[in-house]
Amino acid sequence: AIALERGEPTMTYFQAVGFRVQALARLGDVDRARREGAGAMRRAAESGAPQAIPAIKVAMMVADLQAGDLDAAEDRARSLLEMTPLHTRALARETLAHIALLGDDLTAAGREASELAAIAASGGSARQGALAELLVGSVAVRSGEPERGLGCLHVALRTCAELELERDAAEALGELALAAALGGARERPARLLAAAVAASERLECPPTPLMEKRLRDVAAQVDGGVDSNGWRAAWSQGEGLALGEAIDYAGRGRGPRDRPAAGWESLTPIEAQVARLAAEGLTNPQIAARVFVSRGTVKLHLSNVYRKLEVANRVELARVTR
């Protein structure tokens, strides 16, 4: 803020402008972002500070991608691949992968994902590693390798959740929605996609071009279409999920296959979610509505929870629930 207020053509100033341009783009004000970025590029050149240009170019790349100007975004990304900073090359690879996915070029997307994974391994960045898993999973799902793809997507989602990367977690949920749709599900894709869009909206971020493509691709896969009553009801349910609840829902049926026989670690994701809701005082009908199962299924899950945690009732459950 101080650098921007002074307006001095220092490296700090141009870095601050770059962050501002990226923020404007991610918040949806792409026209303003591109205007300010172009002005900063001119000023950097005129002030004899060429070392500042890459920071502005990265921001402009983000703005071009968000604006849907894929040619401009690709040109900037490729010009950044020879830069020394790992994070700059990582952003360029991520952008090129997104452009490839938007064009359904799965070979190119897979290549860029592999390059990003190598950068993540070299620099030890957990976020870059998660984004690489997300991209690898996206390519696998779209290439007809659902099991491999789902494994990568769930790793990405868990890491994003642990690092509190909400925008990236929303992208992972969107990809899981597409995977569910390609697998023939009807209501699950709607819930996951609605939760992803709602999470982005809470961050005041409009859907990325890739998220918009997912919306179209999911709509093309869902039997009965997005105008059916079932889709609309499931979408409404997904919109009401907090991000953590959506992540729990996405994780159903996943996780270690070698769980212990007893204790908290023995619970499946859905059992753990039911346990937490019951410990909070929700009734079986309320839990059923929250996790989208029947009341009888809730009763069965609670029975398993009591047995695995060695408790007799909800009062005891509340004492041991994490």
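Here are a few questions and answers about the predicted model above.

Me: Glad to have company at the bench; what should I know about the numbering and the model before reading on?
Reply: Residues are numbered from 1 along each chain as its sequence is written, and side-chain values use heavy atoms, with hydrogens and water left out. As this is a predicted model, local features need pLDDT of at least 70 and side-chain atom pairs count only at pLDDT 80 or more, while totals for chains, interfaces and linings use all residues.

Me: Which helix gives the largest share of the largest nonpolar core?
Reply: A nonpolar core is a set of buried Ala, Val, Leu, Ile, Met, Phe, Trp, Tyr and Cys residues joined through side-chain atoms within 4.5 Å, where buried means under 20% relative accessible area, exposed over 50% and partly exposed in between (1.4 Å probe, protein chains only). This core has 55 residues, and Leu 157, Leu 173, Leu 192 and Val 218 touch the most other members. Helices are DSSP runs of H or I with at least four residues, numbered from the N terminus. The largest share, 9 residues, comes from helix H10 (residues 166–182).

Me: Which residues does Leu 173 contact, leaving aside neighbours within four places in sequence?
Reply: Contact means heavy atoms within 4.5 Å. With those neighbours set aside, the partners of Leu 173 are Leu 157, Leu 192, Ala 196, Leu 243, Ala 246 and Ala 250.

Me: What phi does Gly 68 take, just after H4?
Reply: Helix H4 covers residues 53–67 and reaches 20 Å from its first C-alpha to its last, close to the 21 Å expected; the expected span is 1.5 Å times one less than the number of residues. Among the buried residues of H4 are Ile 56, Asp 64 and Gln 66. Just after this helix, Gly 68 has a positive phi of about 85°.

Me: Is Arg 202 buried or partly exposed?
Reply: Arg 202 sits in helix H11 (residues 187–202). Not counting residues up to four places away in sequence, Arg 202 touches Glu 239, Leu 241, Ala 242 and Leu 243. Its C-alpha is 9.9 Å from that of Leu 243, although the two are 41 residues apart in sequence. Because its relative accessible area is 48%, Arg 202 counts as partly exposed.

Conventions:
Helices (H or I, at least four residues) and strands (E, at least two) are DSSP runs, numbered from the N terminus.
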